[in-house]
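Student: I should be grateful for a close look at one part of this model, the nonpolar patch on its surface, followed by the aromatic pairs and the buried polar residues.

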Amino acid sequence: MPGVQDYLHQAADPANWAKGIVYDPEHDGTALTSLGVHEHWNNATDKQYSRNLKTGNGIELVKILKPAR
């Protein structure tokens, strides 16, 4: 959908926040440094992110496998 990437990039990095926007949910004068992590997986088969690939401290996809019957 158009604009989704923009929103995710903005949420992940305050450098991308609109001018004058500060996220301070506690109203204590300390702005959040990020609203989360934005990554793309390496491919649609493996679905590995930076922690799975051991290239960073971002997202790790945890798979829960059902036992065979």
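Tutor: A nonpolar patch, as the term is used here, joins Val, Leu, Ile, Met, Phe, Trp or Tyr side chains within 5 Å, each residue having over 30% relative accessible area and no salt bridge. The model in view is predicted. In this model Ile21, Tyr23, Leu32 and Leu35 make such a patch, with an area of about 310 Å².

Two of these residues can be described further. Ile21 is situated in the loop that runs between helix 1 and helix 2. Its relative accessibility is 39%, so Ile21 is classed as partly exposed. Tyr23 has a relative accessible area of 35% and is therefore partly exposed as well, since the buried class ends at 20% and the exposed class begins over 50%.

Tyr23 also leads to the aromatic residues, for the structure contains two aromatic pairs. In one of them, the ring centres of Trp17 and Tyr23 are 4.6 Å apart and the ring planes stand at 85°, so this pair is edge-to-face; the cut-off for that class is an angle over 60 degrees. Trp17 has a relative accessibility of 12% and so counts as buried, whereas its partner Tyr23 is partly exposed. Trp41 and Tyr49 form a pair with ring centres 6.3 Å apart and planes at 55°, so the geometry is tilted. Here Trp41, at 39% relative accessibility, is partly exposed, while Tyr49 is buried at 14%.

The buried polar residues may be taken next, beginning with Asp24. Asp24 occupies the loop between helix 1 (4-12) and helix 2 (50-53). The residue is buried but has no salt bridge. The nearest side chain of opposite charge belongs to Lys19 and is 20 Å away, and a salt bridge would require a side-chain nitrogen of Lys or Arg within 4 Å of the carboxyl oxygen. With neighbours up to four places away in sequence set aside, Asp24 has contacts with Gly29, Thr30 and Ala31.

Ser50 belongs to helix 2. Its relative accessible area is 11%, so Ser50 is buried. Residues up to four places away in sequence being left out, Ser50 touches Glu39 as well as Thr55, Gly56, Asn57, Gly58 and Ile59.

To return to the patch, Tyr23 is the link between the two topics: Tyr23 is one of the residues that make the nonpolar surface, and its ring meets that of Trp17 in an edge-to-face pair.

Notes:
Residues are numbered from 1 along each chain as its sequence is written. This is a predicted model: local features need pLDDT of at least 70, side-chain atom pairs count only at pLDDT 80 or more; totals for chains, interfaces and linings use all residues. Side-chain values use heavy atoms; hydrogens and water are left out. Rings of Phe, Tyr and Trp (its six-membered ring) pair if their centres lie within 6.5 Å; planes under 30 degrees apart count as stacked, over 60 as edge-to-face and the rest as tilted. Buried means under 20% relative accessible area, exposed over 50%, partly exposed in between (1.4 Å probe, protein chains only). Helices (H or I, at least four residues) and strands (E, at least two) are DSSP runs, numbered from the N terminus. Lys and Arg count as positive and Asp and Glu as negative; His and the chain ends are not counted. Contact means heavy atoms within 4.5 Å. Patches are made of residues with over 30% relative accessible area and no salt bridge: like charges are joined within 9 Å, nonpolar side chains (Val, Leu, Ile, Met, Phe, Trp, Tyr) within 5 Å. Accessible areas come from the Shrake-Rupley method with a 1.4 Å probe; for residues, only the protein chains shown count as cover.
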